[in-house]
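Work through the exercises below with the sequence and the coordinates side by side, and attempt each task before reading its solution.

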Amino acid sequence: MASVSSQPQFRYTQPPSKVLHLRNLPWECTEEELIELGKPFGKVVNTKCNVGANRNQAFIEFADLNQAIAMISYYASSSEPAQVRGKTVYLQYSNRQEIVNNKTAADVAGNVLLVTIEGADARLVSIDVLHLVFSAFGFVHKITTFEKTAGFQALVQFSDAETATSAKDALDGRSIPRYLLPEHVGPCTLRITYSGHTDLSVKFQSHRSRDYTNPYLPVASSAIDGSGQFGMGLDGKKLEPESNVLLASIENMQYAVTLDVLHMVFSAFGPVQKIAMFDKNGGLQALIQYPDVQTAVVAKEALEGHCIYDGGFCKLHISYSRHTDLSIKVNNDRSRDYTIPNAPVVETQPSILGQHPVPSVGQAVQYNGVQYSPGPEQPVMHQPQPQAGWAAAAPAAPQSMPMQMHNNHYMPPPGTMPPQMAPGMMQFRPPTSTIPPYGSGHIR
DNA sequence: AGCACA
């Protein structure tokens, strides 16, 4: 089949069009510059920049054909050529009648940002640092990260497009502040566009994705990384090195706080792997290790400043430890590794539990309606595994509350009031027992 | 310096 169009590829005189084709533009000419150029002749209703192999061509579309004609004829007879940034720009009618702007999702403002982290060490930027950076502009609902051909990218979800826009405008092209990055990490620049997404789907809290609206989301085992991550609370304000290990100090310790009490209290938020208690500055402190930072964060937020016993007794002050993995050499009444079911338990002494009428825990701990009820038939230990286990216990599993409220033989410590249960507070009742076998944090 | 990747 020969004899097709004898038409030349380009006609050098185009029929008029509302759309003008510009070439010889400076590098990365902006839409604003194009509008500026066309504005004297009419209303520019659409533009397209960075066209052509060299990305130095563009189109501008006027509202009215006459406006396009006015611009062409003006520069046809002008002694001064059309210029952008002092560079001569060549104009002609486009061979199309309108700009078909493949307005990608990247161009239309939305509440989710697509963030590309540029730099040799981009992959080393943690999700917590990203959360910190973007939280400066508003509540960050969710973050997901992933590797694409474009490199290391993240989707950051805000409440609304306005918040997202403010973050985008402020951060696009900027580098993550050095002080937020580990020493050895090189500069990381953010390239930000809008994403087409409106609501990200985050199944697990992990090193790749976070849902800050749902702290009880299961924590994926992949989220466990030994390195102490720097992150921040949901309020986006404080900058504190988060850790999966909490340091709890106990103030106003009128009652003995035992390993098992601590285990019960802290198990309300997830599996406790290890606990180590020690005396410091005349007070009792304890390190509590969770499998992941996220759980520790939730526990810290929930427990900080609360009292183990009603009446202001045994007030907890909690901070993040620098530890990430406690070394428990021996299981005794001050330290325990709940991840080793058969570790030897050393009874160093007849145990303080045996000596005093010690207030202790009940079978279930409640906090904000969340119950976690380690019972004898349900060994406390949950290996750090995704989805299964403790998270499922969050929406309360009534059948796993083995003990009734009555039937406590409570003996108040001398000269004190019995701890009462305040609504919404942790519930504790006096013990009738000695140290339970290791691995089971409950007391009966 | 000559017309838009999906």
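**Exercise 1. Determine what share of the residues of chain A count as buried, and how many helices and strands the chain has.**

Solution. Of the 444 residues of chain A, 47% count as buried, where buried means under 20% relative accessible area, exposed over 50% and partly exposed in between, with a 1.4 Å probe and protein chains only. The model is a predicted one, in which local features need pLDDT of at least 70 and side-chain atom pairs count only at pLDDT 80 or more, while totals for chains, interfaces and linings use all residues. Residues are numbered from 1 along each chain as its sequence is written, chains are lettered from A and ligands numbered from 1 in the order in which they are written, and side-chain values use heavy atoms, with hydrogens and water left out. Next, chain A has 7 helices and 21 strands, taken as DSSP runs numbered from the N terminus (helices H or I, at least four residues; strands E, at least two).

**Exercise 2. Identify the buried residues of helix α4, and establish how they are arranged about its axis.**

Solution. Helix α4 spans residues 161–171, and its buried residues are Thr 163, Ala 164, Ala 167, Lys 168 and Leu 171. Seen down the axis of α4, these residues fall within an arc of 135 degrees (taken from the directions from the helix axis to the C-beta atoms), so they line one face of the helix. The face turned away from that buried side carries the exposed residues Glu 162 and Asp 169. The cover over the buried residues of α4 includes β7 (112–118), α3 (127–135) and β10 (189–194), contact meaning heavy atoms within 4.5 Å.

**Exercise 3. Describe what caps the N-terminal end of α4, and what follows the helix.**

Solution. At the N-terminal end, Asp 160 acts as the cap of α4, with a side-chain oxygen 3.2 Å from the backbone nitrogen of Glu 162. After α4 comes Gly 173, whose phi is positive, near 85 degrees.

**Exercise 4. Decide whether Asp 337 counts as buried or exposed, and list the residues that it touches.**

Solution. Asp 337 lies in strand β19, residues 335–337. Its relative accessibility is 7%, and therefore Asp 337 counts as buried. Leaving aside residues up to four places away in sequence, Asp 337 touches Gln 273, Lys 274, Ile 328 and Asn 331.

Technical notes:
A polar contact is a pair of N or O atoms within 3.5 Å; within protein, one must be able to donate a hydrogen and the other to accept it, and residues adjacent in sequence count only if both atoms are side-chain atoms.
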